[in-house]
Amino acid sequence: MRSIVLLMAIVTALGVTIVYPFAGVILWTWFTVQNPHEEAYGFAQTLPLNMAIAAVTIAAWLFSREQKLPPMRFLIWVIVIFLAWTTFNSFFAFSPVWSWPFWDRTWKIFALGLLVATLATNQTRINAIIWTVVISLFYYGVKGGIFTLVTGGNFHVIGPEHTIIGDNNQLALALLMALPLANYLRTESAHKFISWGLLAGMALTLVSVIGSYSRGGLIALGALAIAAWIRSKRKIVYAAMAATVLIGALNFMPAAFWDRVGTIQSATDDASVHGRLVAWQVAYRYANDHFPFGAGFYGPQLAGIFHSYFPTEEPHAAHSIYFQVLGEQGYIGLFVYLLIILGALFKCWQIGRLARRRPDLAWAANLAQMILMSLIAFCVGGSALSMAYYDVFVLCIALLVPLEALVTERTLASVRIGSRTGPAATVARRRTAVEPRYSDV
């Protein structure tokens, strides 16, 4: 029954997509972030639904009057360069038969990001993408939070099988990235019902992160809390409230949770941490031995590579976005990947600086700060996880492109109009305040 309902919903949405291509972008985002087919049973799990959604969306966009290129900003160029390099590097992969299918999955993630950067041309569309991401992840966060409360925290919260967030650690990081985005929607909402609903969802999602038993998730949560405290204008009040919530949630957890957390202090004796350290060495050595190329997508975890450096060790994934990219894409790939991250962090700061003094752009400044916090959680939590090409990370980067274009255009328009005088300038100011060219629907 679930499969039938899901298929009918997708077919209906694709019909709307033919007329309104951005509807397909929302559908594609929902499908790639939430993976609803994994929650269905039966034939829906085996159908190439994501490919069908992507094909119809791209075709509808190409034949529409929507703009065909994103704003040519720094982040767009480095993403394109990264895609080009990973494609070129894949020809030199240790096992091309193994790596090409992962390349096929990865370029589609970035393709969605580029499409979002192209079509999210106004605040309404940007908010629609964020709502889609938040609702998709809160489905697991709220459900996991309730599960943790009902079971007394005696079981791990995990994500949907056969997805990048199926593991408890990966789900925890994804949920942490959703929290700042949900907070943006909460603070920008004019309806108390929606605001309180988002706050309740954030609280349950926080419980879900703790219920995941993820040590990396707790470290990323700490980094996120510190970033939020630095940003807060009422630091004492925030610290008191955060401490109350965290202490209450942590005291609720059983002894098994504290036994798991206690292993952070003895990381060198933990088998999983040992496996990570060995995997990092494999990635580093392979990148050195085959400079400038890497082993290809998910290549370093193959036994043929792993055992050439550590014959007695069990092959492991990199468990670090940085060593993952280094081992798979080489030093050039890692350099460009770090440029994407650093460029995004800088753009968040730049957008916030330009927008925070303008009441009509206060939402943009708020969003830039919340994306910054999501990226901080990703960079910290991702240091121990193989999630380098995670969908929500790419979507956050992509949203910064139209956000920067919108803020820059409106700011420059105000400067030009401000240098003019007379009735025409007054009319132009009013029009610019509500109808910037890049923000047309």
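What is the volume of the largest cavity? In this predicted model, the largest cavity has a volume of about 80 Å³. The tour below reaches that cavity after an overview of the chain and its cores.

**Overview of the chain**

Begin with the whole chain displayed as a cartoon. The secondary structure comprises 17 helices and zero strands. Of the 441 residues, 53% count as buried. Where contacts link residues at least 6 apart in sequence, 79% of them join residues at least 24 apart.

Next, colour the chain by pLDDT. The average is 86, and 87% of the residues score at least 70. Select residues 74-90 to display helix α4, where confidence is highest, at a mean of 96. Then select residues 423-434, helix α17, where confidence is lowest, at a mean of 50. Over residues 431-437 the pLDDT falls below 50, and beyond near neighbours in sequence this stretch has eight contacts in the model. Where pLDDT is low, the predicted coordinates should not be read in detail.

**The nonpolar cores**

Select Leu 137, Tyr 390 and Phe 393 and show their side chains. The largest nonpolar core contains 115 residues, and these three touch the most other members. Centre the view on Tyr 390. Neighbours within four places in sequence aside, Tyr 390 is in contact with Leu 137, Ile 164, Ile 165, Ala 174, Met 177 and Phe 378. Apart from the largest core lies another, of nine residues; select Val 278, Tyr 286, Tyr 309 and Phe 310, which are among them. In soluble globular proteins, nonpolar side chains tend to be buried together.

**The two cavities**

The structure holds two cavities of 30 Å³ or more. For the largest, select Pro 300, Gln 301, Ala 317, Ala 318 and Glu 328: of the 14 lining residues, these lie nearest the centre of the cavity. Now add α12 (271-289) and α14 (321-355), the elements that give two or more residues to this lining. By class, the lining of the largest cavity has nine nonpolar, four polar and one charged residues.

Move on to the second largest cavity, which has a volume of about 40 Å³. To display its lining, select Ile 129, Ile 130, Val 133, Leu 181, Val 392, Leu 395, Cys 396 and Leu 399. Both α6 (123-150) and α16 (391-418) supply at least two residues of this lining. Which element gives the most to the lining of the second largest cavity? Helix α16 does, with four residues. Colouring the selection by class shows eight nonpolar residues, no polar and no charged.

**The second largest pocket**

The last stop is the second largest pocket, with a volume of about 770 Å³. Select Thr 32, Asn 35, Asn 50, Arg 105 and His 162, the closest to the centre of the pocket of the 30 residues that line it. Then display helices α2 (21-34), α3 (49-62) and α5 (96-119), each of which supplies at least two lining residues. Among the elements, α5 gives the most to the lining, with eight residues.

How do the residues of this pocket lining divide by class, and what is the number in each? The lining of the second largest pocket divides into 15 nonpolar, ten polar and five charged residues. For a final view, show this lining alongside that of the second largest cavity, where the division is eight nonpolar, no polar and no charged.

How values were computed: Residues numbered from 1 in each chain as written. Heavy atoms only, no water. Core = buried A, V, L, I, M, F, W, Y, C linked by side-chain atoms within 4.5 Å. Buried < 20%, exposed > 50% of the residue type's maximum accessible area, 1.4 Å probe, protein only. Contact = heavy atoms within 4.5 Å. 1 Å grid on protein atoms, 1.4 Å probe; cavity = no way out; pocket = protein on both sides within 12 Å on 5 of 7 lines; lining within 4 Å. Points joined across faces, edges and corners; volume = space filled by probe spheres on them. Nonpolar A, V, L, I, M, F, W, Y, C, P; charged D, E, K, R; others polar. pLDDT = per-residue confidence, 0-100.
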